[in-house]
Amino acid sequence: MEHNDPLTRLREAAEARRAAGLRRAARPRTPDHDGLIDLASNDYLGLSRDERLIAAAVRATERWGTGSTGSRLVTGTTGVHAELEERLAAFAGAPRALVFSSGYMANLAAVATLGAGGLVVSDAGNHASIIDACRLSRGRVVVTPRKDAEAVAKVLADRAEEHALVVTDAVFSVDGDLAPIAAMHAAARAHGALLVVDEAHSLGVVGDGGRGAVHEAGLADAPDVVRTVTLSKSLGSQGGAVLGAPEVVETLIDTGRPFIFDTALAPAAAAAALAAIDIVGGHPDLPRKARDNASALARMAESRGFPATDPAAAVVPVVLGPPDVALRAAAVMAELGVRAGCFRPPSVPSGRSCLRLTARANLSSDDLAVIGRALTAVAEMKVNV
C-alpha cells in the first residue's frame with residue numbers, strides 16, 4: 001500500500017481552518033499590552049504587575065531558585081507551597097487545599113480521579129479542561145443542559161453506577177453567568193454524589209471579599225463539595241489548587257496522576273499568590289470594583305445594541321456571530337486603543353463568535369470612556385457588515 005505524505009492532511013486541515021476564519025497565532029505582546037487598554041487578560045484585580053507580588057516572587061526566587069526542581073512528592077514541595085495551601089484554604093473557608101502547577105491540572109486531577117469508573121455529570125457550558133478531565137475519568141459521562149439542576153437530578157436518579165460526580169463551572173468562562181450552585185448541590189447530595197465546582201472565574205471576584213461562589217452559597221465547608229481554583233486570574237500569579245475535605249486531598253495525593261507526575265509550581269509563583277491573598281484579604285473592595293466595572297461594560301454594550309445581562313463576575317461577552325466578524329471587531333477595538341479577547345469555535349459554539357471583555361478592578365473613568373468609543377465603532381461596523 002502506498003502511503004501519502006503524513007503532513008498532507010495537516011496542511012489541508014490548516015487551509016480549511018484559514019478559510020473558515022479559525023487560524024490562530026501566538027503573538028508576543030509588550031509589557032504594557034502594546035499601549036492598549038487590557039480587556040483581554042484574566043487579571044481581574046489588576047495584581048499581576050503589583051509591586052508587592054513582584055517583590056514576593058523575587059524573594060522566593062532568591063531563596064528557592066527559579067524552579068521547583070521536581071514533582072510535589074519528590075522535591076517539588078517547599079515551605080512556600082505548604083503555606084500557600086494553608087492560607088488559600090483559610091481564605092476560601094475550605095478544610096484543605098492542594099496546589100497544582102495550573103488550574104487546568106487541578107481540574108484534570110479532581111474530575112478524572114474522583115470520577116474514575118463512575119458516572120460523571122457535566123454541564124454543557126463547562127470549560128475545556130473539565131471536558132478533558134471527564135474523558136480521562138474513563139467513567140460514563142453525561143452532559144446536561146446549561147445550569148439545569150433538574151436534569152442533573154434525573155441523571156443521578158437513573159444511574160446504575162455506585163458512585164457519581166457532578167461538575168460545573170461557577171462562573172462560565174465566556175458567557176460570564178453564574179451556575180445555580182445551591183440547586184446543583186441539592187441534586188448531588190440527594191443522590192449521594194460529589195459536586196465539583198470550578199471557581200476559576202469567581203475566586204477573587206464573587207462573594208464576600210472575593211471568597212468565591214461556593215462560599216457565597218454557604219457551602220464552603222460542605223464535605224461533599226470540591227472546588228478547583230486558579231492562581232492565574234484574580235490572584236495575578238500562576239498555578240491552581242483543589243479545595244475540599246481531607247479525604248479528597250489525601251486521595252489526590254495518593255492516586256491523582258496530575259499531582260503525582262507533574263513538576264510542581266515554581267516557588268516564585270506560589271509566593272506571588274500568597275502576596276495576592278494578603279492584598280485581597282486586606283482590601284475587600286477590590287472584588288466589588290471588578291464587578292462594578294464589569295456591570296459598566298455590560299451597560300455600554302447593551303446601550304449600543306448588543307444583548308447583555310448583568311455579569312456575575314468580571315466577564316462580559318459581546319456576541320457577533322461569524323468568526324470573521326469577531327476578528328474584524330477585535331481589530332477595530334485595537335485601532336481605538338482597546339485589546340479585547342476574540343473567541344471563535346471551538347472556544348464557543350458555531351455562530352456565537354464574540355468579543356470577550358474582561359473587567360479589571362483598576363479600570364479608570366478615562367479607560368471606560370475609551371472603551372465606550374471603541375464599542376460604538378464595533379456597533380457601527382456590525383451594522384455595515
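Which residues lie nearest the centre of the second largest pocket? They are H33, D38, D43, S48 and R49, out of 20 that line it. This is a predicted model, where local features need pLDDT of at least 70, side-chain atom pairs count only at pLDDT 80 or more, and totals for chains, interfaces and linings use all residues. Residues are numbered from 1 along each chain as its sequence is written, and side-chain values use heavy atoms, with hydrogens and water left out.

Back to that pocket: the lining splits into 3 nonpolar, 9 polar and 8 charged residues. Here Asp, Glu, Lys and Arg count as charged, Ala, Val, Leu, Ile, Met, Phe, Trp, Tyr, Cys and Pro as nonpolar, and the others, Gly among them, as polar.

Now for the charged pairs. Side chains of opposite charge can pair when their charged atoms come close. The structure holds 21 salt bridges (a side-chain nitrogen of Lys or Arg within 4 Å of a carboxyl oxygen of Asp or Glu). One of them joins D132 and R135, at 3.5 Å from N to O. These two sit 3 residues apart in helix α5 (residues 128-136), so about one helical turn separates them. R135 is exposed at 62% relative accessibility, while D132 is partly exposed at 25% (buried is under 20% relative accessible area, exposed over 50%, partly exposed in between, with a 1.4 Å probe and protein chains only).

K289 and D285 also pair up, their closest N and O atoms 3.3 Å apart. They are 4 residues apart in helix α12 (residues 285-303), so again about one helical turn lies between them.

Conventions: On a 1 Å grid over the protein atoms alone, a cavity is a set of points where a 1.4 Å probe fits but cannot get out, and a pocket is an open set with protein on both sides within 12 Å along at least five of seven lines; lining residues have an atom within 4 Å of a point.
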